[in-house]
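Dear colleague,

Please find below the structure that I am handing over to you. My notes on what was found in it follow directly after.

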Amino acid sequence: MADSTCDIPLLTRLRRRTLFQWLTFGLSVLAAAVLGAPLIGYFFGVRKREEHWVTVGDADQFPVNDTRLCTFDNPLRSAWDGITALTGVYVRNVGPDQQGQPQFLIFAVNCAHLGCPVSWFPQSGLFMCPCHGGAYYANGERASGPPLRGLFRCTWRVERGRLQVQAPHYPTLQDTLSAERRPA
Amino acid sequence: MIRTLRTVGAWLEARLCLGTSLWPMLTHPVPKSVAGPMGWWYVFGSASLTMLILQILTGIGLALVYVPAADKAYDSLLFLNYEQPLGWFLRALHYYAGSGMVVLLLVHVAQVFLHGAYKYPRELTWLVGVLLLVLTMGMFFTGQILRWDPDAYWGLAVGGSMAGRVPVLGPRIVETMFGGPIIGGNALSRFFTLHVFVIPGLLLAFLAVHLWLVIKKGISAPPQPGQLVDPKTYDAVYEQELRGGVPFLGEAILKDLFFSALAVIVVVALAAVLGPKGPSAPPDPTLSGANPRPEWPFLWLFGLLSLSPAWAETFIILVFPVVLILALLSVPFVSNRGERAPSKRPVAVLAVVVLFTIFCTLTYQGVTAPWSPEMIAWSGQPVPERIVRESSPRQLQGALVFQNKNCRNCHALEGAGGRRGPDLTLVGVRLTADQLIDQVSNGTPGGGNMPAYASQIGPDEMTALVDFLTSLRPAGRPAVGVPASRTLATDRP
């Protein structure tokens, strides 16, 4: 049997081949796009942050001008996080405001320098970081060392006499924990 | 029997064609002098490869037991250490063979650099080699995270804080790195994936290219002073040299085998004697007293960061590593011709000596970490008795203030205590009472290394503290800068 393509004029044959080449390129690009988009979405996707409130205790159990470490199971956890989901915050009751409402300062334990856990020393009224020696005053402001700012402040509220803190994510310089101001 | 084997061999060979592909590769000629004493310089690359093979073997072994889940990883490590037969040995070997691989790679890089072996036509071999070094460091960092103890947890925290400084994209990178808003199971899974799939895949792919280039472009002959590399003539000269060469699979490989065997025995002995590293404690972020330290290949960076001024920090974190890698990559483009002999390249020799001195010095600083406060010194290190034997009651009170205000965490007395600030054993010789009051009250000017204690210390405490500090001087020596008449007044106001 004769080769059937030989019966088709050369020009048509070329056109058909060119069309098929372009079709193949187009189809490959489409395949890459429909495969690539969801893969990139999967690998680099970020879940929407949910807002959770954690009760750290009754508001009146915190003595005025006293700093205490409160630990809780962070609700931002995954089910398989184990003890790494335990989170600590330093709670300081700074006394009532003009309306008589108790006011708090709540700090993440992470140093604002590189995230190491700071310790509270009530004797000297300082937070000290074991890594590079960053130090902070009781109000969280930077006292000395390499940190570029004060401790990260958590958002808090008092609901029916109970002090609640908004579950903190891991804080970094450009992703702090709140509007960084005390609620009115 | 032999006939059957021969038939099977011939059947396989007819299909695999190894006799005409792999065999010539393995027996390719190498310069004759490599089989001589100079050949000992060539053993570090193959020994690194041997360490990599050990890492793959022990890694597969560990993966049989290790559970890469945040709530189980620590327990599975304890199981490996104490219950799985020889699990402790495999963990130890994985650590020491990994360390050995880094050491051998550094020596290999230094040797290739000193012998000018990166010059024409082996520029690409060097480039791929640099990538292999970077990937190996990546293996070390991700491997440390899998040890899922406080060092691993806080190592992730420090890594996240560093990545968080990237302009604009920082928060996004941190969240991608941790796989969520907090450090936990998702972060561990990600670092497990990097350590077990992604980086080894890249490592093996680049290693294949590296070895392919070693075979295709050949290994460089030991350098001779006066024998210049000229890309125009090099290939012909090299080909001439290979005519009188020796097969790689023969005399040349013996030294590699000898040294690799020695390296294996050394890491096995280290593993058997020193045992597995950690895990030091459960990865509980609320445990107090955490004092995270990076693994040894990163201690120099820890040291460099800690000793740098604050304004340079973000640069050192984000830009410096890139600059360093680019500098290494640019080496064959800066000079790919001319002399190869170290005796004719004093700048190259000096560069290696200086770089390794800096590396070792910074690593030593990283080990001792004098910039880190000693967090329990205030309660754990008593004031030396010799210092307070003759003290007045108020000076004794001052010594108590000194301890209770945690001064000791940063200031040593007779060498015991923190070293972030100066040792104060003889501070009375250096500073007057007024200067001490100023220093303690206001701290380092401009918010430097010492906090201001003005609001943390009462007037009585300050008086006692300064009285104690000014008394810290050799017997019979008056307080500094104070006339004798006032010395009495300061001592007994």
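**Strand S10 and its partners in chain A**

In this predicted model, strand S10 of chain A, residues 162–166, has two unlike faces: A:Leu163 and A:Val165 lie on the covered face, whereas A:Arg162, A:Gln164 and A:Gln166 lie on the uncovered one. As background, side chains in a regular strand alternate between the two faces of the sheet.

S10(A) pairs with two strands. With strand S1 of chain A (residues 53–58), S10(A) runs antiparallel, and five bridges join them. In this pairing A:Trp53 stands opposite A:Gln166, a residue of the uncovered face. Strand S9 of chain A (residues 156–159) is likewise antiparallel to S10(A), over four bridges. Here A:Arg157 is the residue opposite A:Gln164, which also belongs to the uncovered face.

S9(A) and S10(A) form a hairpin with two residues between the strands, and A:Arg160 has a positive phi near 45° there.

**Overall form of chain B**

Chain B contains 22 helices and two strands. Its radius of gyration is 30 Å, well over the 23 Å that the globule rule gives for 493 residues, so chain B is more spread out than a compact globule. Along the principal axes, the C-alpha atoms of chain B fill a box of roughly 105 × 55 × 45 Å.

Of the 493 residues in chain B, 38% are buried. Considering contacts in chain B between residues at least 6 apart in sequence, 77% join residues at least 24 apart.

With kind regards

Definitions and conventions:
Residues are numbered from 1 along each chain as its sequence is written. Chains are lettered from A and ligands numbered from 1 in the order in which they are written. This is a predicted model: local features need pLDDT of at least 70, side-chain atom pairs count only at pLDDT 80 or more; totals for chains, interfaces and linings use all residues. A residue is buried if 20 or more other C-beta atoms lie within 10 Å of its own, exposed if 12 or fewer, and partly exposed in between; C-beta atoms are placed from the backbone. Two strands pair if DSSP finds at least two bridges between them. The radius of gyration is taken over C-alpha atoms; the globule rule is 2.2 Å times the number of residues to the power 0.38. Two residues are in contact if their C-beta atoms, placed from the backbone, lie within 7 Å.
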